[in-house]
Amino acid sequence: MRFLPNALVLAVLATAPQAASAHAQQTNLTVSQQTPMPVASASNDATLLVPAGTKVILALTGPVWTKTAHIGDPIYGVSAFPVSINNIMAIPPGTYVEGQIDSITRPTRQTNRAEFQMHFTKMVFANGYTVELPVAPPSTPVSQSPTAKNPLVQDEVPTVNAAATAAVHVDVYFTSDILLDNGSQIEMDLQSALSLDAANVAASARESKPPQLRWTSATRCRPVAGTPGSPGTPATVIPGTPSTTIPGGPGMPDITIPGTPSTVIPGTPGSSGTPGVYCPGPPSVISESGDIHKQSFKLSGNVTLSGQLLPKGSYEATWNGPGPNAQVQILQKGRIVATVQAHVATLLDKSPKSQVDTSSDAAPSVLSIQFKGKTFALTFDSGNQQNVSQASARTLHSKQ
């Protein structure tokens with residue numbers, strides 16, 4: 001019996017390596033299942049070459065103000081979508097980019113369109129790895145000549161030959177206080193190939209975090225007080241005269257002289273005044289291809305949309321650009337009945353049908369609109385993200 005403990009010890013020691021090996025295999029399996037997109041390592045690739053023509057989606061981290069925007073002002077953005085080369089992460093989401101404005105075409109009373117030309121000078125990865133984007137000496141553009149000067153271009157400098165540029169078209173009213181909003185998505189075009197250090201890119205890919213999907217608008221516009229209405233004038237009443245009775249003599253009846261009725265002179269009605277003037281909402285970026293959306297939807301009952309009443313019927317929503325902010329015009333029989341601000345949200349799958357989600361209030365308001373066969377939806381308040389996510393989950397479930 002005294003040898004039994006030793007036998008137990010030997011059995012434990014014999015099974016320990018097997019248990020450790022099984023645990024290691026399980027751990028490795030768990031890690032391998034959670035491995036993200038492959039990243040380059042210094043052992044197999046010393047450099048990563050991002051070819052010319054590559055487009056990098058940027059989200060602006062700061063607005064461009066209407067009154068203070070000038071040529072040479074800095075532009076700051078962050079990559080909103082990863083760029084991969086041969087299935088290898090080259091520019092992770094969350095990479096910061098710095099640039100500057102080269103020209104501005106401002107909106108006018110005749111056109112609600114702004115245009116920017118800009119180039120980029122620097123990329124800063126999440127681990128601090130910094131890449132300078134080369135800029136060649138500027139050349140004089142054709143529009144600088146006296147006969148070809150573009151009268152709408154209010155700020156212009158010689159053309160900059162840069163490794164990375166962007167042309168941005170914006171739908172914005174001339175009275176808006178911003179020309180580009182927080183989170184506005186633009187495309188940075190690489191004009192020449194970009195060589196990146198693979199080891200630094202791999203290190204930054206492990207640390208980078210995608211930027212937020214929803215941004216708070218920077219616009220400071222607020223409603224202003226309207227003009228008060230006038231009370232009008234009251235009616236004027238001219239009193240009449242009472243009847244007069246003259247007593248008759250003996251044997252004679254009294255004589256009554258009738259009075260006169262009152263006279264009423266009507267007053268003048270008051271005016272209702274004028275409502276406050278609201279500053280237009282935030283601008284929206286329009287894609288280079290003239291990305292104009294026109295989608296139809298139906299309302300089964302009376303609803304409100306951003307405070308505006310829409311009765312039951314068929315409508316069409318139209319807006320420009322990919323978002324995330326969009327100025328949406330609601331049309332009925334070709335006539336604009338409402339202009340509202342919305343967010344363009346991405347669905348997980350194509351919507352199986354057109355659908356209008358409303359609140360459960362006594363006076364329902366529109367929360368979101370989905371369109372049949374589309375992977376995007378319009379949302380109109382802070383509760384829409386949950387609403388759209390639930391709808392997307394239903395779409396995926398029906399596909400499965």
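**View 1. Strands 27 and 30 pair within an open sheet.** In this predicted model, strand 27 (residues 335-346) and strand 30 (residues 376-379) are joined in the antiparallel sense by four bridges, where strands (E, at least two residues) and helices (H or I, at least four residues) are DSSP runs numbered from the N terminus, and two strands pair if DSSP finds at least two bridges between them. Thr346 is placed opposite Phe376 of strand 30. Both strands belong to an open sheet of seven strands, with antiparallel pairing and the order 22-25-26-27-30-29-28. Its edge strands, each pairing on one side only, are strand 22 (292-299) and strand 28 (355-358).

**View 2. Strand 22 has a covered and an uncovered face.** His293, Gln295, Phe297 and Leu299 form the covered face, whereas Ile292, Lys294, Ser296 and Lys298 form the uncovered one. Strand 22 runs antiparallel to strand 25 (residues 313-320), and eight bridges join the two; within this pairing, Lys294 has Thr318 of strand 25 as its bridge partner.

**View 3. Helix 2 has buried residues on one side.** In helix 2 (residues 198-207), the buried residues are Ala198, Val201, Ala202, Ser204 and Ala205, buried meaning under 20% relative accessible area, exposed over 50% and partly exposed in between (1.4 Å probe, protein chains only). They cover an arc of only 165° around the axis, and therefore lie on the same side of helix 2; the arc is that of the directions from the helix axis to the C-beta atoms. Among the elements that cover these residues are strand 1 (47-50), strand 6 (88-91) and strand 16 (194-197).

**View 4. Asn182 is buried in a loop.** Asn182 is found between strand 14 (178-180) and strand 15 (185-190), and has a relative accessible area of 15%. A polar atom of its side chain lies 3.2 Å from the backbone oxygen of Thr216. Beyond its neighbours within four places in sequence, Asn182 is in contact (heavy atoms within 4.5 Å) with residues including Leu60, Pro63, Trp215 and Asn325.

**View 5. Residues 1-35 and 140-153 have pLDDT under 50.** For residues 1-35 the model has zero contacts beyond four places in sequence, while for residues 140-153 it has 17; pLDDT is the predictor's confidence in each residue, from 0 to 100. Where pLDDT is low, the predicted coordinates should not be read in detail.

**Notes.** Residues are numbered from 1 along each chain as its sequence is written, and side-chain values use heavy atoms, leaving out hydrogens and water. In this predicted model, local features need pLDDT of at least 70 and side-chain atom pairs count only at pLDDT 80 or more, whereas totals for chains, interfaces and linings use all residues.

Key. Polar contact = N/O pair within 3.5 Å; in protein donor to acceptor, adjacent residues only side chain to side chain.
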